[in-house]
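I opened this entry to look up how the helices pack and what lies in the interior. The chain and its model come before my notes.

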Amino acid sequence: MSAEGGTKAIVAALAANLGIAVSKAVAFTFTGSSSMLAESIHSVADSGNQGLLLIGRKRSERNRTPEHPFGYGRERYFYAFVVAVVLFTVGSAFSLYEGYHKISHPEDVKSPIWAFAVLIVAIGLEAFSFRTAIKESNEIRGEQSWWAFIRRAKAPELPVVLLEDLAALVGLILALFGVSMAVATGDGIWDGIGTVAIGVLLGVVATILSIETKSLLIGEGVDPGTERRIIEALESVDEVARLIHIRTEYLGPDELLIAAKIAVYHDDTAAEVARGIDAAEARIRAQVPEAKLIYLEPALDEASRQGITGAEPAPETPASS
């Protein structure tokens with residue numbers, strides 16, 4: 001995902017959620033529906049989520065410093081993690097509490113026409129936001145399934161917005177169900193049931209996002225297919241006898257660190273080895289443009305030097321920087 005990818009989806013979701021939050025709050029004032037209150041808090045939380053994602057993206061663009069020699073790319077992961085753990089979890093806890101209170105002390109829904117009107121309009125706005133996120137995701141998703149895209153995406157913004165919008169749409173449907181049942185039966189307990197369902201939904205989204213963003217924050221390497229392309233690029237250089245070992249890690253969505261130990265031929269000169277390393281780096285970047293930092297450590301190819309076929313590979317040691 002490019003540095004710009006996902007911005008349109010974030011802005012669309014932010015604009016939609018701000019408008020929806022205000023309309024839901026107005027509807028709650030007139031109806032007293034706990035489902036409407038839970039959904040209003042949900043939309044406020046979503047608006048905060050998008051604001052944090054934009055802040056994280058901006059801060060990740062800062063230049064490297066002596067204290068942070070690899071830059072600030074992981075700030076995007078940190079803010080996405082905050083979104084998942086703090087805002088979604090708080091929204092979930094509030095909705096569960098409000099739902100429990102409403103079930104324990106049910107009240108009739110007043111002026112239900114307000115709730116129905118706001119929920120229907122909100123569903124339309126959320127559907128527009130969700131469509132924008134899907135459209136941007138499809139540009140980079142390729143042949144991956146949606147679940148694989150959410151699991152493997154290195155840029156956190158689009159998966160977060162996708163799950164946000166999906167949760168918002170489902171939450172609105174749950175709120176509509178709760179209010180409708182409360183009005184149809186005259187029993188306000190249904191409003192509380194809808195609110196509890198919204199809280200459970202937010203909790204599930206918080207769990208999924210926290211697991212995925214935690215993995216990115218700790219540090220993830222490339223997928224097997226990308227690693228094969230890197231290895232093929234390395235071993236296609238004449239001066240490289242073979243790869244001994246390789247390590248990869250994303251320092252940010254658009255910045256990949258590659259450290260590898262390569263075997264070179266014993267009779268190559270230092271100049272030839274240096275040219276081979278330069279060529280290998282160029283071929284890797286041609287295959288994987290986000291490979292901004294590449295460190296290659298040359299070592300003598302013992303099998304070639306001793307004339308031994310099928311010799312055991314050299315023991316693996318950490319690549320030096």
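**Helix packing and core**

I looked first at α1 and α4, whose axes come within 9 Å and cross at roughly 170 degrees; axes here are lines fitted to C-alpha atoms, for helices over the stretch in contact, with angles from 0 to 180 degrees between N-to-C directions. That angle makes α1 roughly antiparallel to α4, a term used for angles over 145 degrees. By class, the contact of the two helices has 15 nonpolar, six polar and four charged residues.

I note that this is a predicted model, in which local features need pLDDT of at least 70 and side-chain atom pairs count only at pLDDT 80 or more, while totals for chains, interfaces and linings use all residues. Residues are numbered from 1 along each chain as its sequence is written, and side-chain values use heavy atoms, with hydrogens and water left out.

Next I looked up the largest nonpolar core, which has 42 residues, with Leu-53, Phe-88, Val-161 and Leu-209 making the most contacts inside it; such a core is a set of buried Ala, Val, Leu, Ile, Met, Phe, Trp, Tyr and Cys residues joined through side-chain atoms within 4.5 Å. Among the elements that give two or more residues to this core are α1 (7–31), α3 (75–104) and α6 (157–185), and α6 gives the largest share, eleven residues.

I then turned to Phe-88, which lies in helix α3 (helices are DSSP runs of H or I, at least four residues, numbered from the N terminus). Phe-88 counts as buried because its relative accessibility is 2%, the limit being under 20% with a 1.4 Å probe and protein chains only.

Key
Buried < 20%, exposed > 50% of the residue type's maximum accessible area, 1.4 Å probe, protein only. Parallel < 35°, antiparallel > 145°, perpendicular 65-115°, else oblique. Nonpolar A, V, L, I, M, F, W, Y, C, P; charged D, E, K, R; others polar.
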